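Me: Give me a close look at the inside of this chain. Keep it brisk, and tie each residue to the element that holds it.

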Amino acid sequence: MQSKGAISFVAILIGLACIYQLSFTAVSSIQENKAVKYAEAAVAAEQLKPSFAEVSDLNKAYYLDSVRKEKNRYYLDSINSEKVYFGYTYKEVKEKEINLGLDLKGGMNVMLQVELSDLLRVLSDNNTSAEFEQALALAKKNEAESREDFITLFAQAWKTVAPEKRLSHVFSSMALSGKVTAESSDDEVISIIRKESESAIANSFNVLRNRIDRFGVTSPNIQKIGNSGRILVELPGVKEPERVRKLLQGTASLEFWTTYECSEIFGSLQSANTIIREYLGESSEAGEENSDSEKTLAEQLAAQDSLSNDEITFAKNNPLFYVLNPATYNGQIMPGPVMGVAHYKDTAKINAWLSLPQVKDVLPVDLVPMWSVKPAEEYGSDSYYQLIAIRTSTRDNKAPLDGGVVTDARVSYGNMGGQPEVDMAMNAEGARVWSRLTADNIGKCIAIVLDGMVYSFPRVNTEITGGHSSISGHFTIQEAEDLANVLKSGKLPAPATIIQEQVVGPSLGSESIRAGMISFVIAFVLVLLYMLFFYKGAGIAADVALLCNVVFLMGALVSFGAVLTLPGIAGLVLTLGMAVDANVIIYERVKEELRAGKALRLAISDGYKNAYSAIIDGNITTILTGIVLFVFGSGPVQGFATTLVIGLITSLLTSIFITRLIFEARLSKNKKISFSNKFSENFLQNTRIDFMNKRKVAYIISCILIVISLASMTFKGFTYGVDFTGGRTYVVRFDTNVTDAQVREAAMAEFDGSVEVKQFGGGSQMKITTKYLIEENSAESDAIVDGKLYNALKDFFSTPLTYEEFTSTVDNPNGIISSDKVGPTVANDIKRDAIIAVIIAIFVIFAYIALRFKGWRWGLGGAVSTVHDAIIVIGFFSLFSGILPFSLDVDQTFIAAVLTIIGYSINDSVVIFDRIREYRTLYPKRDLRQNINEALNSTLARTVNTSGSTFVVMLAIAIFGGEVIRGLAVALLVGIVIGTYSSIFVGTPIMYDLHAKAAKKELK
């Protein structure tokens, strides 16, 4: 071996560099543990203070948690710029630690879509022409099926809808004054609105980044996804998903509205109450079936004994005032704009009633009721909200003032009891309008509205000049901070809505880490024992190479900033199984050379030399499929692909060089190296199987399997994950065992049948999927679905949970422990990308093999083999879905499994093809059939050993890796078996038949 000194030196340097990179993770963990101890000491000290006794029992836990978080953050902030490790500050150390995916450490992954259709409406000054609306609708429809950006799709739609009209007639607006003229061409207009859209997306990105930076999340990640108008946000460790949804989707459309006094509209509310009573009575007499929003509370609770006759009578006579408690006291109307207070579950009903045309007729034309964002404190519950009478008395129904004029906002503490307030500053134009607005409404209330929710409605005592104001509203510190963050971020130029979301609770994340590590350790030990058993002394060298491979791989992941996910751990384990493939190929070649009578040193040298082409070709094909998977996958699937590709590269290097260095060191000292034991010495070495003679039987078996698979796909179909169908999936953990039938019955009643329930892991965990309101991207729809899920499942908990405990992941082991939301558009994108990925992977494999083996017949044999494997594995998922006791959903992870199987299968075929090519060179006069049979028999030991070692490690993942990746592991197990079979009995025979057919034509 040439340059072994240099190779040894480089290997040592790489190893040290990898250990150094991994050390940052250890240092970061040490510092965080110190922060935890510091915070706990501070909490203990706080409890000893006399002032702590004055805090109400209800607020003590929240107060201590706030202290704990504050002190933890204070400690870490204090060392942020302090050098803690070899001249690196804590901040720099944190940036260099290994990145764990959200599925391992918990958190929230959100994909937001900037609604460019709304931006175009603004740029057109809200043009209402039929052509414009049709073009927008067509562009929205095509967006679900195309990879083009929305502006391109709109341009294409406009040419379809109005080919004779110019876009300049639509966009010659005030918003684009000076940019678009009546003479502007369509291309010029599209160029201008494209720049405006790019600016809107960039501004939205900056606004979201500013909000996230102020949210207090460690190591957040936010990135734009090409020119799609999508923004990916990853927030590790987030425990309050509802708060995040509101923060991210809030468009910062802060508005200042004048209000009605309740006394001014109370007579109208009484008339509305009468009309609603008559409306419900008419519906009942007509035999119509009222929806939940139209039924009176009396009708809904008539079966309950808790309602007295007086309550039922009052509810029937006063349906509105029964659910909306009017703002009166001792018969007197309370001053202020509060129309009434209602329970949150009745707000939809009240909204529906007040939206009835006959009710609108008796209410003031400019009255727009809006709910308070905070619960009404006087009710002593967080379930009741105030309805505020907003007055929209402007010509264009726009707010007199919006958040665009706000230049700064910060939390302060007022003189009255030190309550948190938000100090706000406006620009000159805002100050001028604000001065006039407050002067015209002295003695009245002005409502501060954010995204249709009233945050505060202070009464104006005097004219406010200079643009500096203080917003009060009995905020908690957290509420005040959120409002200040939104105000400081400014006004989003186009709304951003959540189209895909994943939430993983910390308990599930820690369980995933534990399961992943257990499966990794078991798989690693099994591989070490497997190699040691089959190859004795040489197996020790392979084991050392595997250890080096793990260090190199983890170091590389940290160096590249890659994210380690749970599927990534599966990729890591799969890499271990495939890493021994190179050693198996080398060792089997060395054994052949030894049996040929060569000396040990020469046998090792020739063994390595003859194995290189098969090793390199086999690994490159798998790496190519991994790259395709990375390009077309997302989230955890990309983590799987990253780990797989990096692992294959590092295993290739360690298998070839580390083992060779060990052998050279022993040979230089004249020490013996054993490559087998008594059992494995002649393992599958003297086989004389006529594989080509059995190919027709194999064809029949394969055809039967394919027909069964296709029939199952056609008639039974698949159980699709939300990745492919769109929808919401929740993993809910109960504190007692439940059955899927019980949960399904309760959930179907709440969701009107639009639900699917499966056991997920133990008997206390269920996976619940629904498409209910999936077309709606608002935060309100998320809250509605969460509420319905809570109502359906709350009775299954032996220890009752509140709605907040059920939906929050804060220190709560039960309730929703993870959730996924995928909008229809994203689901279509994932399906399209999955199909493209599989097609490209097969084509890339065909092209590479055809090029390397200088013939399309070789490439076609390999391609047919991979298609064969893919169909059977996909058919397996269809056939056994609902039969096996774990999830076999078709989702992104499933596609990752299919592509990995394609890469693994072709790896087998390439090794066999390489030996056939070698035999054709060595024995050119032999019949092709003989060369193929000899090649298959000579590589049989390698095929079985590689498949066996990979099968063993994936079996460990399937058993110990946890429920989340069990489907992936099972798919790979099936793929390993089918891939091994097809490389021998499908790919190679087809290549042979194609050559034989060509030879017959040449003879003719």
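Reply: Of the chain's 1004 residues, 52% count as buried. The model is predicted, and its local features rest on residues with pLDDT of at least 70. The secondary structure comes to 33 helices and 25 strands. Among contacts with a separation of 6 or more, 74% are between residues 24 or more positions apart.

Start with the nonpolar interior. The largest nonpolar core has 120 residues. Tyr587, Phe663 and Met954 touch the most other members of this core. Helix 19, residues 506-559, gives the most to the core, with 19 residues. A separate core of 44 residues lies apart from it. Leu116, Leu136, Ala200 and Leu208 are among the members of that other core.

Tyrosine 587 is worth a closer look. Leave aside its neighbours within four places in sequence. Tyrosine 587 is then in contact with Met531, Tyr535, Ala538, Gly539, Ala541 and Ala542. Those residue numbers fall inside the 506-559 range of helix 19. Thr659, Phe663 and Phe675 complete the contact list of tyrosine 587. Phe663 appears in that list, and Phe663 is also one of the residues that touch the most other core members.

Now the polar side of the interior. Tyrosine 260 lies in the loop between strand 7 (254-259) and helix 11 (262-285). Its relative accessibility is 8%, under the 20% cut-off, so tyrosine 260 counts as buried. The side chain of tyrosine 260 makes a polar contact with the side chain of aspartate 366, at 2.5 Å. Beyond the neighbours within four places, tyrosine 260 is in contact with Ile265, Gly336, Pro337, Pro364, Asp366, Leu367, Ala389, Ile390 and Arg391. Valine 338 sits 78 residues away from tyrosine 260 along the chain, yet their C-alpha atoms are separated by 8.7 Å.

Arginine 728 is a charged case. Arginine 728 lies in strand 22, residues 727-733. Its relative accessibility is 3%, so arginine 728 counts as buried. The side chain of arginine 728 reaches the backbone oxygen of tyrosine 772 at 2.9 Å.

Serine 983 is in helix 33, residues 966-1003. At 0% relative accessibility, serine 983 counts as buried. Outside the four-place window, serine 983 is in contact with Ser865, Ser905, Asp908, Ser909, Ile912 and Thr988.

Two helices show how burial is arranged around an axis. Take helix 23, residues 695-716. At 1.5 Å a residue, its 22 residues should span 32 Å, and the end C-alpha atoms are 30 Å apart, which agrees. Arg695, Ala698, Ser702, Ser709 and Ser712 are buried in helix 23. Seen down the axis, these buried residues fall within an arc of 115°, so they line one face of helix 23. Lys696, Val697, Ile700, Val707, Thr714 and Phe715 are exposed on the other side of helix 23. Glycine 717 follows helix 23, with a positive phi near 80°. Cysteine 703 has 48% relative accessibility, so it counts as partly exposed.

Helix 25 covers residues 740-751. Its 12 residues should span 16 Å at 1.5 Å a residue, and its end C-alpha atoms are 16 Å apart, which agrees. The buried residues of helix 25 are Val743, Ala747 and Phe751. They cover an arc of only 50° around the axis, which puts them on the same side of helix 25. The face turned away from that buried side carries the exposed residues Glu745 and Ala749. Aspartate 752 follows helix 25, and its phi is positive, near 55°.

Last, the cysteines. A disulfide is a covalent bond between the sulfur atoms of two cysteines. The structure holds zero disulfides. Cysteine 548 is in none: the nearest cysteine sulfur, that of cysteine 18, is 9.9 Å away. The cut-off for a disulfide is 2.5 Å between sulfur atoms. Cysteine 548 counts as partly exposed because its relative accessibility is 22%.

Conventions. Residues numbered from 1 in each chain as written. Heavy atoms only, no water. Helix = DSSP H or I, 4+ residues; strand = E, 2+ residues; numbered from the N terminus. Buried < 20%, exposed > 50% of the residue type's maximum accessible area, 1.4 Å probe, protein only. Polar contact = N/O pair within 3.5 Å; in protein donor to acceptor, adjacent residues only side chain to side chain. Expected span 1.5 Å × (residues − 1). Arc of directions from axis to C-beta. Core = buried A, V, L, I, M, F, W, Y, C linked by side-chain atoms within 4.5 Å. Contact = heavy atoms within 4.5 Å.
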